[in-house]
Amino acid sequence: MKPHTSLCSLFFLVLLPSFPPSIPPSDPSWGSCSLGVFICVQCSGIHRNIPNIGMKVKSLSLSRWEDQEVKFMAENGNELMKQKYEAFVPVYYYKPTHKDCQVLREQWIRAKYERKEFTGEGKKQTYEEGTRDGMLMKRGRDNGQFLNRRFVLSEREGTLKYFTKYDAKEPKAVIKVDSINAAFQPEKIGNPNGLQITYLKDYNTRNIFLYHDNGKEIVDWFNSIRAIQLHYLKVAFPGANDAELMPKLTRNFLKEGYMEKTGPRHTEGFKKRWFTLDHRRLMYYKDPLDAFAKGEAFLGHQDHGYRASPGLPAGTHCNGAWQHGITIVTPERSFLFTCETEVEQQDWLKHFNDVISIQMSPQEYSSVEARWLQKLPRKAKT
């Protein structure tokens, strides 16, 4: 069944240029008859599952559109609804894209249209309060079991603490909020609401894997962390504007996946490791859910002797099953990796070279690289 001709003209000529980044330009194939906005197929399912506010969605290509529905779409549209439902989105609040996981996209849609959190009409939200206290399921470092743990987030102290028991007097860990990265990892953690917290502990990368059964609760924790991080960044960089500070908040990892690697002498056997590229830090683990990185490499700027290239040095004995090599050269040592496919090799190389081509900030010179060099062992682990 063909879509309404007027609807197609309206979409392609008027509304497509105003699409928000949460919708991929190639896939706005559905429309919300209730709101008057065009949406992607993934978001259409979320809209349909909010029955208490009467959400009705239709396919642009498969559904029949009535004249009054087309008129309603023309009178509203994505840009107008954005002005209404996103009028007061806090600058730190994470706006998901089509690449983000289901829980982030669903809670963003529910926050806008179901709870109307950003219209200025509602009460103060929990992520705006500067403190948070609640229970989250945390994966045990040694046994891998998820157990209920109390977490306390404080803007005044600038910390995230967790306790093994709700009434425990002393926390198990005290984490500085400005050192935290938080990223949703549903597939890795095995839970649709899985959240990974990463921070530095004694110059080593420490991972905590969390989830909560309630999607709103875990997303509110995530945005509470971002809110407090922005508060401290404004104190640390009083002359910086929001656009300059936002990239310093929580971020998604640039890339994760398996590669094989050899040791620093390049004579050891290649071993399969899980790699995480977090800006300039390339960390590797024996298992994706390990609490601590087995080792890491720092990727500085190309003008300081950092380089990534395809292939392995001549004479390298590659005993592994994967043959698509990568060599990363740093001032301290060279790292040799192999990938399973050429596609993976080229994707890793693109990310490595993108990072190496970016000029380092003064803060990276004074803190990140210095800290990494301070902890660098004489012989790296494999």
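**A seven-stranded sheet and the helices around it**

In this protein, seven strands form an open sheet with antiparallel pairing, and their order is β7-β6-β5-β4-β10-β9-β8. The strands β7 (173-176) and β8 (181-184) stand at the edges with a single partner strand each, so one side of each is left without a neighbour in the sheet. Averaged over the sheet and with direction ignored, neighbouring strands are turned by 35° against each other. The model described here is a predicted one.

**The protein as a whole**

- The protein has 382 residues, of which 49% count as buried, and its secondary structure comprises 10 helices and 17 strands.
- Among the contacts in the protein with a separation of 6 or more, 54% are accounted for by residues that lie 24 or more positions apart.
- The accessible surface of the protein comes to about 19100 Å², and 50% of this surface belongs to carbon and sulfur atoms.

**Inside the sheet**

- One pairing within the sheet joins strand β5 (residues 146-154) to strand β6 (residues 159-163), and these two strands pair in the antiparallel sense over five bridges.
- Within this part of the structure, S154 stands opposite T159, which belongs to β6.

**Helix α7 and its neighbours**

- Helix α7 (residues 215-236) lies across several strands, namely β4 (131-139), β5, β6, β8, β9 (195-201) and β10 (204-211), and α7 runs at about 120° to β4.
- Two packed helices are described by the angle between their axes and the distance between the axes.
- For helix α5 (residues 102-114) and α7, the axes come within 10 Å and cross at roughly 95°.
- Because angles of 65 to 115 degrees count as roughly perpendicular, α5 is roughly perpendicular to α7.
- On the α5 side the contact is made by V103, L104 and Q107, while on the α7 side it is made by G215, K216, I218, V219 and F222.
- Sorted by class, the residues in the contact of α5 with α7 are five nonpolar, two polar and one charged.

**Helix α2 and what it packs against**

- Helix α2 covers residues 41-48, and its buried residues are C43, S44, G45, I46 and H47.
- These buried residues of α2 pack against the strands β1 (30-32), β2 (37-39) and β3 (57-59), and also against helix α5.
- Helix α5 therefore appears in two of the packing arrangements described here, being a partner of the buried residues of α2 and roughly perpendicular to α7.

Technical notes: Residues numbered from 1 in each chain as written. Predicted model: local features only at pLDDT ≥ 70, side-chain atom pairs only at ≥ 80, totals over all residues. Heavy atoms only, no water. Helix = DSSP H or I, 4+ residues; strand = E, 2+ residues; numbered from the N terminus. Buried < 20%, exposed > 50% of the residue type's maximum accessible area, 1.4 Å probe, protein only. Contact = heavy atoms within 4.5 Å. Areas by Shrake-Rupley, 256 points an atom, 1.4 Å probe, with all protein chains shown as cover. Pairing = 2+ DSSP bridges. Axes fitted to C-alpha atoms, helices over the stretch in contact; angles between N-to-C directions. Parallel < 35°, antiparallel > 145°, perpendicular 65-115°, else oblique. Nonpolar A, V, L, I, M, F, W, Y, C, P; charged D, E, K, R; others polar.
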